[in-house]
Amino acid sequence: MPKKRSTASKRARAAARGGEKFTTVLRAARAHSAEPASAGWDELVVAALSAVVAEHGTVPVTVLWDRTVRTSMVQREDGVRWGVAEPAADGVVIREVRADVGVVPKGTRIPVPYRLDDGRVEVAAPWPPVWSSTRDSWWRYVHNGWAVERPGDHPTGLDPIRPSLDLPYEVRTYYVPDGVVGEDHTGSAPCWWSEAWCDRLDKAVLLADALVAHRSSSPGRPAGGDCGYLRAEVWEHAVDLRALPSRVHRDDAGPDPARRAPPAARCPVRRPSRLRRARPEPTRLPGETHPPTYNLRVWSETAGWETLAWVTSGRGTASAAASLLRVGTGGPYAWAETWGPRHPDSWRHDWTQEGQQLMDRHPRESYAEDTVRYAEKRRREEAALAAGPAARSAGTLTVETAAARLASGGREYRDFLRVGQICVMDALDEHRLSFPEGGNERVLARQALDLLEERHEVEDWVVTLTRAHMATTRRDAPYSEGARWWRERALKEHLSPREDVIGVPGLSG
């Protein structure tokens with residue numbers, strides 16, 4: 001007997017004979033057809049539950065807890081709970097389960113009545129798994145993010161605590177991933193998230209509107225339905241932490257065709273000057289352990305460079321926000337940059353943050369711009385490499401004679417100067433690591449290191465520190481006497497070059 005096929009499958013096969021793609025037509029047919037979803041539904045339960053929703057707009061929920069299924073660390077510590085929703089005549093029963101995968105057969109759909117703004121009640125057919133956590137007071141369908149108690153709506157979760165008194169405005173978004181967790185993939189579920197914190201209301205509103213106005217990419221979820229940033233809100237947090245925040249702005253995503261990805265940025269205009277430093281981070285509130293450390297800076301002709309928002313989710317979210325703001329493609333800003341935390345000791349698994357560093361430029365630089373920027377960087381490095389020894393030579397060398405010495409000594413002489421520079425860096429590193437994270441002394445040591453590496457400048461207190469380090473805790477103590485003399489000669493040439501070039505590689509013949 002031939003296998004019985006659904007109407008959607010028959011339509012897809014007929015379209016495939018005409019040259020269309022079978023899977024594309026099948027997904028579209030299933031998304032717009034109620035036949036597979038409504039099969040096996042109890043019409044009496046659907047009618048009774050629809051009447052409850054029509055009268056109250058909400059659904060009573062009963063949860064059957066099962067502590068024996070909480071096996072993972074995420075479930076025990078972060079409070080993540082998974083469940084399966086089962087409709088009943090007087091509400092919804094949620095049965096707690098172990099995970100989001102393998103709890104119900106794929107393709108299963110349950111009736112979820114929801115009330116429209118005009119009072120009419122319609123029935124949706126989502127995937128039955130639901131989830132909740134300690135960060136959210138609602139059970140939510142993983143299919144579309146609706147709250148089980150309030151179908152058709154995305155009520156906000158628990159309010160976070162502002163990370164700094166300098167950032168009163170929170171940009172909060174509701175994000176639905178492309179695909180149904182547990183059926184199409186294993187990953188994140190729909191949820192509210194604090195995307196960024198701003199110091200002004202107009203900046204927060206601009207960012208919130210941009211997040212829901214466009215898409216980063218075209219959706220391809222097999223189960224159908226909308227996805228991406230579906231709602232964005234701006235909340236104002238009071239100075240008094242005992243007062244609850246208030247919502248001052250909300251914007252919902254428009255229809256699918258209007259949310260196409262912005263065009264790729266290709267701007268031939270010369271970029272503004274990059275000779276600038278990272279902006280200091282906002283002052284943290286006591287007890288804040290996870291502050292936003294990624295800073296999206298934007299440039300306009302009227303205001304120049306300014307910080308638009310401090311992003312909580314990381315570098316990728318800042319880049320996505322720059323794209324959705326249409327930076328360089330007709331948006332309010334011509335240029336933008338992402339600045340992130342700087343971890344200078346990450347090579348030894350020490351993730352202590354010391355300031356910020358430039359991560360990304362928006363729009364992305366072309367090859368010609370990269371070439372010009374690197375050529376200018378090399379020119380500045382050459383100029384600083386000659387100006388540094390000339391300034392420390394007590395009038396013996398000028399910038400021109402120091403440059404001539406570099407040209408005459410070649411690679412050997414440059415490597416010799418680098419050895420002397422490393423001796424100074426050893427002293428500064430030992431001094432820097434002796435202070436706690438965030439202290440002024442550690443910041444001053446980091447600034448001195450930056451001046452040494454980028455501009456070859458050595459301050460007077462650094463010279464004193466280096467000489468004391470070489471006399472007490474020098475790193476070359478196990479070396480031979482000749483090796484120690486060679487390092488001392490390199491340090492002398494770096495800190496106080498003179499006309500005497502005896503023992504200097506590349507210059508002494």
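**Helix packing, cores and an open sheet**

In this predicted model, helix 8 and helix 9 meet through a set of residues that is easy to pick out: E382, L385, A386, A387 and A390 on the helix 8 side, and V399, A402, A403, L406 and R414 on the helix 9 side. By class, this contact comprises eight nonpolar and two charged residues, with no polar ones. Helix 8 spans residues 367–391 and helix 9 residues 399–433; their axes lie 9 Å apart and form an angle of about 110 degrees. Because angles from 65 to 115 degrees count as roughly perpendicular, helix 8 is described as roughly perpendicular to helix 9.

Turning to the nonpolar cores, the largest contains 27 residues, and those with the most contacts inside it are V171, L207, L211, L296, L308 and L325. Several elements each supply at least two residues of this core, namely strands 8 (169–176), 9 (191–198), 10 (228–236), 12 (294–300) and 13 (304–311), together with helix 6 (201–213) and helix 7 (315–324). Helix 6 gives the most, with six residues. A second core, separate from this one, has 15 residues, among them V53, A85, Y141 and W146.

The model also holds an open sheet of five strands, arranged in the order 1-3-2-6-7 with mixed pairing. Strand 1 (61–64) and strand 7 (136–141) form the edges, each pairing on one side only. On average, and with direction ignored, neighbouring strands of the sheet are turned by 30 degrees against each other. Strand 1 pairs with strand 3 (residues 91–97) in the parallel sense over four bridges, and V63 has I94 of strand 3 as its bridge partner.

Methods:
Residues are numbered from 1 along each chain as its sequence is written. This is a predicted model: local features need pLDDT of at least 70, side-chain atom pairs count only at pLDDT 80 or more; totals for chains, interfaces and linings use all residues. Side-chain values use heavy atoms; hydrogens and water are left out. Two strands pair if DSSP finds at least two bridges between them. Axes are lines fitted to C-alpha atoms, for helices over the stretch in contact, and angles run from 0 to 180 degrees between N-to-C directions. A nonpolar core is a set of buried Ala, Val, Leu, Ile, Met, Phe, Trp, Tyr and Cys residues joined through side-chain atoms within 4.5 Å. Buried means under 20% relative accessible area, exposed over 50%, partly exposed in between (1.4 Å probe, protein chains only). Angles under 35 degrees count as roughly parallel, over 145 as roughly antiparallel, 65 to 115 as roughly perpendicular and the rest as oblique. Contact means heavy atoms within 4.5 Å. Ala, Val, Leu, Ile, Met, Phe, Trp, Tyr, Cys and Pro count as nonpolar, Asp, Glu, Lys and Arg as charged, and the others, Gly among them, as polar.
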